[in-house]
Every structure is written in C-alpha cells, then in structure tokens.
Amino acid sequence: MDIIESIEKRKSIRAFKPDPVPQSILKELMEHALRAPSWGNTQPWDIIIAAGSKLEAIKQGFTEKAGQEVVADIARPQDFPEPYASRRRPPGAPPQAAPAGQQPPVRRPMNTRFYNAPCVIYICTGRTFYFQPKGINAWPVYDCGLISENIMLLAPAYGLGTAALAQAVTHPDVLRRVLEIPDSLLVVLGIAIGYPDWDDPATHRRSAREPMAQVVKWVGF
Ligand SMILES: Cc1cc2nc3c(=O)[nH]c(=O)nc-3n(C[C@H](O)[C@H](O)[C@H](O)COP(=O)(O)O)c2cc1C
C-alpha cells in the first residue's frame, strides 16, 4: 500500500471488532513507526502498548471515573477560538454544512471503553523535557504527534484501524497505576488500534476538511 492510499484510507475508527491484534504484527508496525523524525533525533517518546487484562483494567478504571472531572498530563484546550470553533459542532447544534461528499464533525461523549479497541498504544514523553524552567517546550509533543501519525498511516497496510484519543489519557492516575508509568513521564495520547467493525455505521463516516484555498497560501509561483 503506498502512502497516498494510506492517507486516504486512514480515518478515526470508533467501532472495533473484539479480535486481538497479534503482537508480531504490532512489532512490525512499530519498527516502521519508529523511523519518525524528531527534534535533533531526540526520539522523545516512551511507548506503552496495552492489551488483554491490563487494558481491561484501564477501561474499568475509566468507567468508574465516568462523569468526574478529567485531568490530563498535557493540558486540554480551555477554549476554541475561531476559526477552530466553527470546525467543530457545538453541543445540540445542527450539523454544519459540509462540502459535497463529506460529513461534518460530531461532538461525542467520552467512551470509557475506547470503542472496544482490543489494544491501545500510549505515547508518553519526558516531564522535564516538556516542562522547562522558562516555559513549555512543545516540541516533544509535536514529535509524539509525528510518530502517532506514522502509527496511524501504517495501520491500514495491516488491515488495522486507529483512533487518536485524547479521552484515553484523561485519567493519568489510572494509567500510572495499571501500567506502572513513572511520574517522570507525561502521558500524551492514546491511540486505539484494532480491526475495524465495518458492519458498524460508525466506521462509515468520513470527516470534512476545509477547502485548500481556505488554509493554504501560495507565494512566489
Ligand atoms: C490529538 C488528537 C486527539 C483526539 N482525541 C479524540 C478523542 O478523544 N475522541 C475522539 O472520538 N476522537 C479524537 N480524535 C480524533 C479526531 O476527532 C479526528 O481526527 C478528526 O475529527 C478528523 O477525523 P478523521 O480522523 O476521521 O479524519 C483526536 C485526534 C487527535 C489528532
């Protein structure tokens, strides 16, 4: 599968089959994903891949905390200024008009079982690399995004689907307890991964994008 096909096939999967993903496949995928670039080749990621009873314990812990205030290691947005707010659908508002063939974004409640994913890849980074004396160093989180995208673009080549889930890291205390993550690491993102349940309509939607003219400016051509 070439990169263009991977980019076009990738989308957030929010309904997984229960089938486990063989560790050998995940190891092969991760070998490729680890080729991601990073600032000065610092490779500022520590990755924990949870499945089976460990992931079940996390899902249980998150379910018990449903409705409680969410606290993430990496601060979540407190506000969505324009134009970003308009690209999301506010609670209760009718769907935005989307370009032909595309569907508007939808606000979803937290899903404490991560859409039944049989596996979640937790991307962590070093606390003292991120929180620096003169302020936040955003670059390790940026680099974590690069390896996350590698994982998500590689997945379709193995018949796998993914969903980047900020909601999967909203209770870092649960993750620290179950996965024995030290305080020296910040949990940045969880990526649900598994075999998509294509019979579930949730896997059929394709999200909209702004037209290129809205977000890309060409100069000097
Ligand atoms: C950093 C990050 C965090 C996200 N967190 C969530 C989340 O908590 N829950 C969710 O359903 N989707 C989450 N998403 C998925 C986005 O909603 C999705 O990427 C976006 O709507 C575009 O849709 P697509 O991935 O299908 O192209 C997240 C995506 C990113 C990149």
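The exercises below deal with the ligand shell, the salt bridges and a surface patch of a predicted model.

Residues are numbered from 1 along each chain as its sequence is written, and side-chain values use heavy atoms, with hydrogens and water left out. Local features need pLDDT of at least 70 and side-chain atom pairs count only at pLDDT 80 or more, while totals for chains, interfaces and linings use all residues.

**Exercise 1.** Describe the surroundings of the ligand.

Solution.
- Step 1: List the residues with a heavy atom within 4 Å of the ligand. They are Arg 10, Lys 11, Ser 12, Arg 14, Tyr 115, Ala 164, Leu 165, Ala 166, Gln 167, Leu 189, Ser 207 and Arg 209.
- Step 2: Sort this shell by residue class. It has five nonpolar, three polar and four charged members. Here Ala, Val, Leu, Ile, Met, Phe, Trp, Tyr, Cys and Pro count as nonpolar, Asp, Glu, Lys and Arg as charged, and the others, Gly among them, as polar.
- Step 3: Look at individual atom pairs. Arg 10 places a polar side-chain atom 2.8 Å from a ligand oxygen, and a polar side-chain atom of Arg 14 is also 2.8 Å from an oxygen atom of the ligand. At Ala 166, a backbone N or O atom lies 2.9 Å from a ligand nitrogen.
- Step 4: Consider the cover. Of the 620 Å² of accessible area (Shrake-Rupley method, 1.4 Å probe) that the ligand has on its own, the protein covers 62%.

**Exercise 2.** Place the salt bridges Glu 5–Lys 9 and Arg 113–Glu 56 in the fold.

Solution.
- Step 1: Apply the criterion, a side-chain nitrogen of Lys or Arg within 4 Å of a carboxyl oxygen of Asp or Glu. The structure holds seven such bridges.
- Step 2: Take Glu 5 and Lys 9, with an N to O distance of 3.6 Å. These residues are about one helical turn apart, because they are four residues apart in helix α1 (residues 3–9). Helices are DSSP runs (H or I, at least four residues), as are strands (E, at least two), numbered from the N terminus.
- Step 3: Take Arg 113 and Glu 56, at 2.9 Å, N to O. Arg 113 is in the loop between α4 (84–87) and β2 (119–126) and Glu 56 in helix α3 (residues 52–64), so the pair ties together parts 57 residues apart in sequence.

**Exercise 3.** Is Trp 218 buried or exposed?

Solution.
- Step 1: Locate Trp 218, which is in the segment after α8 (212–215).
- Step 2: Compare its relative accessibility with the limits: buried under 20%, exposed over 50%, partly exposed in between (1.4 Å probe, protein chains only). Trp 218 counts as exposed because its value is 56%.

Technical notes. Near = heavy atom within 4 Å. Polar contact = N/O pair within 3.5 Å; in protein donor to acceptor, adjacent residues only side chain to side chain.
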